[in-house]
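Subject: A structure for you to look at

Hello,

Here is the structure I promised to pass on. Please open it alongside this message, and I will walk you through what turned up.

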Amino acid sequence: MKLTPIPITNDADLARSFAIRKEVFVDEQHVPIDEEIDAFDVIDSDCTHLLIENDEGQAVGTGRVRLVDEYGKIQRVAVVKPFRQYGIGRIIILALEKLAAAQGATKAKLDAQVHAIGFYEKLGYEVKSDVFLDAGIEHVLMIKTL
């Protein structure tokens with residue numbers, strides 16, 4: 001399966017990203033929609049949004065990154081359930097790190113759901129906080145030098 005990362009530059013692709021996030025975060029994980037969508041969820045925000053398409057043009061994953069001081073802050077990483085075994089999460093993280101580095105970031109940080117700590121550790125991230133709740137889900141801060 002061919003997987004293509006696409007920087008989101010139009011409202012139609014942004015809507016495809018929101019559909020993935022709604023499916024994963026709102027429907028599966030019961031995050032309130034008003035906590036999932038925020039001020040950075042527009043084309044002309046400080047965030048760079050990313051979509052992953054498979055070879056059939058189907059949107060299967062998404063994420064976003066924004067520069068905060070020297071960090072690329074990675075957020076809203078989601079992969080639709082039927083495609084979670086294909087390494088799409090890794091593709092998203094590596095693409096977002098590359099985008100952050102191109103904007104001058106020297107480190108990446110993210111708030112990882114506790115169940116995903118091992119996934120991020122394999123990509124070079126280290127836990128830097130105690131467990132905290134975000135949208136009722138246990139998270140930790142993780143950081144990686146780019």
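A word on terms before the tour: a residue is called buried when its relative accessible area is under 20%, exposed when that area is over 50%, and partly exposed in between. By that yardstick, 44% of the 146 residues of the protein chain are buried. Please keep in mind that this is a predicted model.

**The overall build**

The protein chain has 4 helices and 8 strands. Going along the sequence, they come in the order β-α-α-β-β-β-α-β-α-β-β-β. The chain has a radius of gyration of 14 Å, close to the 15 Å that the globule rule gives for 146 residues, so it is as compact as a globular protein of that length. If you would like a feel for its extent, the C-alpha atoms fill a box of roughly 40 × 35 × 30 Å along the principal axes.

**Salt bridges**

Side chains of opposite charge can pair when their charged atoms come close. How many salt bridges does the structure hold? The count is 12, and three of the pairs make good stops on a tour.

Start with R16 and E53, whose side chains form a salt bridge with an N to O distance of 2.8 Å. This pair links distant parts of the chain, since R16 sits in helix α1 (residues 11-28) and E53 in strand β2 (residues 47-54), 37 residues apart. The two partners fall into separate classes of accessibility: R16 has a relative accessible area of 25% and is partly exposed, whereas E53 has 19% and is buried. The cut-off for buried is under 20%, which is why E53 with its 19% counts as buried.

Next come D41 and R21, which also meet in a salt bridge, at 2.8 Å from N to O. D41 lies in the loop between α2 and β2 while R21 belongs to helix α1, so this contact ties together parts that are 20 residues apart in sequence. Are these two residues buried or exposed? Both D41 and R21 are buried. They also take part in a wider arrangement: R21, E36, D38, D41, R64 and R76 are linked in a network of salt bridges.

The third stop is R84 with E28, joined by a salt bridge of 2.9 Å, N to O. R84 is in the loop between β4 (71-79) and α3 (88-102), and E28 is in helix α1, so the pair ties together parts that are 56 residues apart in sequence. R84 is partly exposed, at 38% relative accessibility. E28 is partly exposed as well, at 30%.

**On the surface**

Which residues gather in a patch of negative charge on the surface? They are D34, E35, D111 and D134. E35 belongs to helix α2 (residues 33-36), and its relative accessibility of 43% makes E35 partly exposed.

One last place to visit is G136, in the loop between β7 (132-134) and β8 (137-145). G136 is exposed, because its relative accessible area is 64%. Compare its position with that of S45: G136 and S45 are 91 residues apart in sequence, and their C-alpha atoms are 26 Å apart in space.

Enjoy exploring, and do write back with any questions.

Best wishes

Technical notes:
Residues are numbered from 1 along each chain as its sequence is written. This is a predicted model: local features need pLDDT of at least 70, side-chain atom pairs count only at pLDDT 80 or more; totals for chains, interfaces and linings use all residues. Side-chain values use heavy atoms; hydrogens and water are left out. Patches are made of residues with over 30% relative accessible area and no salt bridge: like charges are joined within 9 Å, nonpolar side chains (Val, Leu, Ile, Met, Phe, Trp, Tyr) within 5 Å. Accessible areas come from the Shrake-Rupley method with a 1.4 Å probe; for residues, only the protein chains shown count as cover. A salt bridge is a side-chain nitrogen of Lys or Arg within 4 Å of a carboxyl oxygen of Asp or Glu. Lys and Arg count as positive and Asp and Glu as negative; His and the chain ends are not counted. The place of a charge is taken as NZ of Lys, CZ of Arg, CG of Asp or CD of Glu. Helices (H or I, at least four residues) and strands (E, at least two) are DSSP runs, numbered from the N terminus. Buried means under 20% relative accessible area, exposed over 50%, partly exposed in between (1.4 Å probe, protein chains only). The radius of gyration is taken over C-alpha atoms; the globule rule is 2.2 Å times the number of residues to the power 0.38.
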